[in-house]
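Please open the model in a viewer and keep the selection panel at hand. The tour proceeds by selections, each followed by a description of what is found there.

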Amino acid sequence: MPSTLFSPIRLGSIELDNRIVIAPMCQYSAVDGCATDWHLAHLGMLANSGAGLVVIEATHVERHGRITHGCMGLYSDETEAALGGVIDFCRRAGTAKLGIQLAHAGRKASSQRPWEGGGPLKPGQDPWDTIAPSALPFGPGWHTPRAMAADDFERVRDAFGAAAQRAVRIGFDAIELHMAHGYLAHSFMSPIANQRTDQYGGSIENRMRYPREIAERVRQVVPRNIALGARITGTDWIDGAWTPADAVFCAKTLKAAGLDYVDVSSGGISSEARNPTTPGYNVDIAQQVRATGIATRVVGLIVTPQQAETVVADGKADMVALARAVLDDPRWGWHAAQALGSDVKRPNQYLRAGPALWPGAAVAR
Ligand SMILES: Cc1cc2nc3c(=O)[nH]c(=O)nc-3n(C[C@H](O)[C@H](O)[C@H](O)COP(=O)(O)O)c2cc1C
C-alpha cells in the first residue's frame with residue numbers, strides 16, 4: 001500500500017511534498033537576534049532532510065521577547081537581513097519548503113541558554129524585565145513579570161504584525177505563531193498564568209482573546225499564498241488547568257481567525273509541570289483537535305517511520321513533526337522513505353546516494 005506519510009498535503013494554497021515536518025528548534029546561537037553561520041549549516045542540513053516543511057526556530061517579535069541572549073529575532077532590518085541570507089541559501093540548496101515560528105517568550109524571557117543552566121538570567125548576566133498576563137513567575141526563583149498594560153497589548157500585537165511582514169518579505173512558505181510551551185500567547189490561555197479580571201482573563205473566551213487578536217493581526221498582513229498556522233497547547237498536564245477540550249476550542253477560534261493549520265504540542269506552563277515520556281504522547285489530543293476540520297499536525301516523541309506512518313494513515317493527524325529524532329538523524333526523511341517503500345527529493349549533488357544504494361537495487365553509475 002502506498003505510504004500516507006509520503007503523500008502530498010495542501011495547507012491553504014501551498015502544497016507540501018509529504019507530511020513530515022521538522023519542528024522548530026531554538027539553537028541559542030544568534031547574535032543580538034541575528035542568524036549566524038551556525039544557522040546556515042543547521043538549516044541547510046535540515047532543508048535536505050527529506051521533510052516536506054522545515055520550520056525555523058522560535059523567532060521573536062521584539063528584543064525583550066527573546067528567551068535567551070542567543071535567541072533569534074525578527075524585529076529590525078539587521079535581523080531580517082541575516083535571516084533572509086540564510087533562507088535564500090536554504091532555498092537554493094535544499095528541497096524542503098520553509099516556515100518560521102514567530103514568538104514572544106513572555107514570562108519565560110530573560111533566561112540562560114540550556115547549556116548555561118536554563119534558569120532565569122542572574123544579575124551580571126544582563127537580565128531584562130519580562131511581561132505576562134499576570135505578575136506571576138514561571139516558578140520559584142524566576143523573574144516576576146509585569147502584568148501587561150494597554151500599551152503592551154498594542155505594542156506586542158503590532159510587533160507580531162511587523163515581524164510577519166518581514167517574514168513575508170523574506171519569502172517563507174509558511175508562518176506559524178507560537179501559542180504553546182508557556183510563552184506569552186499560551187500564558188494568556190492557561191489559568192495557571194492568567195489571573196486577569198478584565199476582558200483578557202476568566203472565561204476561556206476571554207483567555208483566548210489576546211491570542212486570537214494576534215492571529216487576526218497576522219492574518220491581515222500575510223497573503224493567502226502563504227500558509228498561516230499556530231503551535232497550540234493540547235494540555236498543561238496539570239489538574240484544573242488547560243485541557244484537550246480547551247485545545248479544541250482554541251483550534252476552532254484560530255480556524256475562524258483564518259489560520260490554515262495547527263500543530264498540537266503540550267506542557268511548559270510552569271516549572272512544576274512534566275510532560276509524559278510515552279511515544280506519541282500528544283497524538284490522542286491531536287485527533288480531537290483534527291475533528292474541528294482544521295489541518296492538524298502533531299509533535300512529541302514521534303521517532304520511527306512506522307509510528308509516523310500509523311499516525312497519519314489512521315487519521316489521527318494530517319502531519320507529524322519531529323525534533324530530537326531529526327537532530328539524531330538529519331536524513332530521517334530519506335531513511336523513512338526507504339523503510340516505507342517511498343522516496344523523497346534530493347539535491348543533484350547527492351542523487352547517487354538514493355535508492356541506487358538500497359539493498360537489492362541496481363547500482364547506477
Ligand atoms: C533543541 C530543541 C529546541 C527546541 N526549540 C523549540 C522552539 O524554538 N519552538 C518550539 O515550539 N519548540 C521547540 N522545541 C520543542 C520541539 O519542537 C518539540 O516540540 C519537542 O522536542 C517534542 O518533539 P520530539 O519528541 O520530536 O523532540 C525544541 C526542542 C529541542 C530539542
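Begin with Leu-301 and display its backbone: a polar backbone atom of this residue is 2.7 Å from an oxygen atom of the ligand. The model is a predicted one, and the distances quoted on this tour are computed from it.

Next, select Ala-323. Here too the backbone is the part to display, since a polar backbone atom of Ala-323 lies 2.9 Å from an oxygen atom of the ligand.

Then move to Cys-26, where the ligand partner is a nitrogen atom: 2.8 Å separates that nitrogen from a backbone N or O atom of Cys-26.

Now select the ligand itself and show its surface. On its own the ligand has 600 Å² of accessible area, of which the protein covers 83%. The space that the ligand takes up is the largest pocket.

Expand the selection to the residues around the ligand. There are 17 of them, and the closest are Cys-26, Gln-101, Leu-301, Ala-323 and Arg-324. Coloured by class, this shell shows 10 nonpolar, four polar and three charged residues.

For the last part of the tour, select the cysteines. How many disulfides does the model contain? The count is zero. Cys-71 offers an instructive case: its closest cysteine sulfur belongs to Cys-26 and is 4.5 Å away, which is too far for a bond, because a disulfide requires the two sulfur atoms to be within 2.5 Å. Is Cys-71 buried or exposed? With a relative accessibility of 0%, Cys-71 is counted as buried.

Finish at Cys-90, which likewise takes part in no disulfide. The sulfur of Cys-34 is the nearest cysteine sulfur to Cys-90, at 16 Å. Cys-90 has a relative accessible area of 1% and is buried.

Definitions and conventions: Residues numbered from 1 in each chain as written. Predicted model: local features only at pLDDT ≥ 70, side-chain atom pairs only at ≥ 80, totals over all residues. Heavy atoms only, no water. Buried < 20%, exposed > 50% of the residue type's maximum accessible area, 1.4 Å probe, protein only. Near = heavy atom within 4 Å. Polar contact = N/O pair within 3.5 Å; in protein donor to acceptor, adjacent residues only side chain to side chain. Areas by Shrake-Rupley, 256 points an atom, 1.4 Å probe, with all protein chains shown as cover. 1 Å grid on protein atoms, 1.4 Å probe; cavity = no way out; pocket = protein on both sides within 12 Å on 5 of 7 lines; lining within 4 Å. Sits in = over half its atoms within 2 Å of the grid points. Nonpolar A, V, L, I, M, F, W, Y, C, P; charged D, E, K, R; others polar.
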